[in-house]
Structures are given as structure tokens and as C-alpha cells.
Amino acid sequence: MVAKAIQKLKKEYAIVFGTVEGEAILEDLKAAYQMRESFVKGDPYETARREGERAVYLRIIRMSNLKET
């Protein structure tokens, strides 16, 4: 039952982010959160916040079965 729900959710991610508009959003998220350095010297809280943002982007990529561009 859980596996079926995850597969359904993955399909929904693919539908949303597989559109032209979804791809534009992913490019924006990539520029904002994936391409920058996560580590901030002397500020572990900012480092953790940036890693959290990056993790959200990576989850979208994984769930939608899209390749990082």
C-alpha cells in the first residue's frame, strides 16, 4: 500500500515538473539552491539552512525521475 502511494506521488511529481512551466521552475530552483555553495564558514545554522533548501530541490528531482540539468 505504501509503495503504491509513493509510485502515485512520483507520477504526480513527473506530471507537474515535466511540463515546460515545471522545467522553468526547476531551473530557477537549481540556480537558487543547487548551484551555490552550501557551506558558510563560521555559521553552522546558515549551512544547515542551505543544505535543507538543497535537499528539497534534490527530492523534487528524485521524485519526478528527471535528470539534473
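A residue is called buried here when its relative accessible area is under 20%. With that cut-off in hand, let us walk through this predicted model, beginning with its second helix.

## Helix α2 and its two sides

In α2, the buried residues are G22, L26, L29, K30 and Q34. Viewed down the helix axis, these buried residues fall within an arc of 105 degrees, so they line one face of α2. The other side of α2 carries exposed residues: V20, E21 and A31. As for what lies over the buried residues of α2, the cover includes α1 and α3.

The length of α2 also works out nicely. Its 15 residues, at 1.5 Å a residue, should span 21 Å, and the end C-alpha atoms are 20 Å apart, which agrees.

One member of the buried set deserves a second look. K30, a residue of helix α2, has a relative accessibility of 12%, and because this is under 20% it counts as buried. The C-alpha atom of K30 is 7.0 Å from that of Y57, although the two residues are 27 apart along the chain.

## The nonpolar core

Which residues make up the largest nonpolar core? There are nine of them: Y13, F17, L26, L29, Y57, L58, I60, I61 and M63. Three helices give two or more residues each to this core, namely α1 (2–17), α2 (20–34) and α3 (44–64). The most generous of them is α3, with five residues.

M63 shows how the core is joined up across the sequence. Once its neighbours within four places in sequence are set aside, M63 is in contact with L9, K10 and Y13. Y13 is itself one of the core residues.

## Helix α3, from end to end

Helix α3 has 21 residues, which at 1.5 Å a residue should span 30 Å; the end C-alpha atoms are 30 Å apart, in agreement. Its buried residues are E46, T47, E53, Y57, L58, I60, I61, M63 and S64. Among these, Y57, L58, I60, I61 and M63 belong to the largest nonpolar core. The cover over the buried residues of α3 includes α1 and α2.

Is S64, in helix α3, buried or exposed? S64 is buried, with a relative accessible area of 2%. The S64 side chain reaches the backbone oxygen of I61 at 3.3 Å. Leaving aside neighbours within four places in sequence, S64 is in contact with K10, Y13, A14 and F17. K10 and Y13 also appear among the contacts of M63. After α3 comes N65, which has a positive phi, near 60 degrees.

## Salt bridges

Side chains of opposite charge can pair when their charged atoms come close. How many salt bridges does the structure hold? It holds five. Three of them, including two that share R49, are set out here.

| Salt bridge | Closest N and O atoms |
|---|---|
| E12 with K8 | 2.5 Å |
| E46 with R49 | 2.5 Å |
| R49 with E53 | 2.4 Å |

The pair in helix α1 comes first in the table. E12 and K8 are four residues apart in that helix, so they are separated by about one helical turn. E12 counts as partly exposed, at 34% relative accessibility, while K8 counts as exposed, at 52%.

The other two pairs lie in helix α3. E46 and R49 are three residues apart there, about one turn of the helix. On the other side of R49 in the sequence, E53 is four residues away in α3, so this pair too is separated by about one helical turn. R49 thus forms salt bridges with both E46 and E53.

What network do these residues belong to? E46, R49, R50 and E53 are linked in a network of salt bridges.

The accessibility of the partners completes the picture. R49 is partly exposed, with a relative accessible area of 41%. E46 has a relative accessible area of 19%, and because the cut-off is under 20%, it is buried. E53 is also listed among the buried residues of α3.

Definitions and conventions:
Residues are numbered from 1 along each chain as its sequence is written. This is a predicted model: local features need pLDDT of at least 70, side-chain atom pairs count only at pLDDT 80 or more; totals for chains, interfaces and linings use all residues. Side-chain values use heavy atoms; hydrogens and water are left out. A nonpolar core is a set of buried Ala, Val, Leu, Ile, Met, Phe, Trp, Tyr and Cys residues joined through side-chain atoms within 4.5 Å. Buried means under 20% relative accessible area, exposed over 50%, partly exposed in between (1.4 Å probe, protein chains only). Contact means heavy atoms within 4.5 Å. A salt bridge is a side-chain nitrogen of Lys or Arg within 4 Å of a carboxyl oxygen of Asp or Glu. The expected span of a helix is 1.5 Å times one less than its number of residues. The arc is that of the directions from the helix axis to the C-beta atoms. A polar contact is a pair of N or O atoms within 3.5 Å; within protein, one must be able to donate a hydrogen and the other to accept it, and residues adjacent in sequence count only if both atoms are side-chain atoms.
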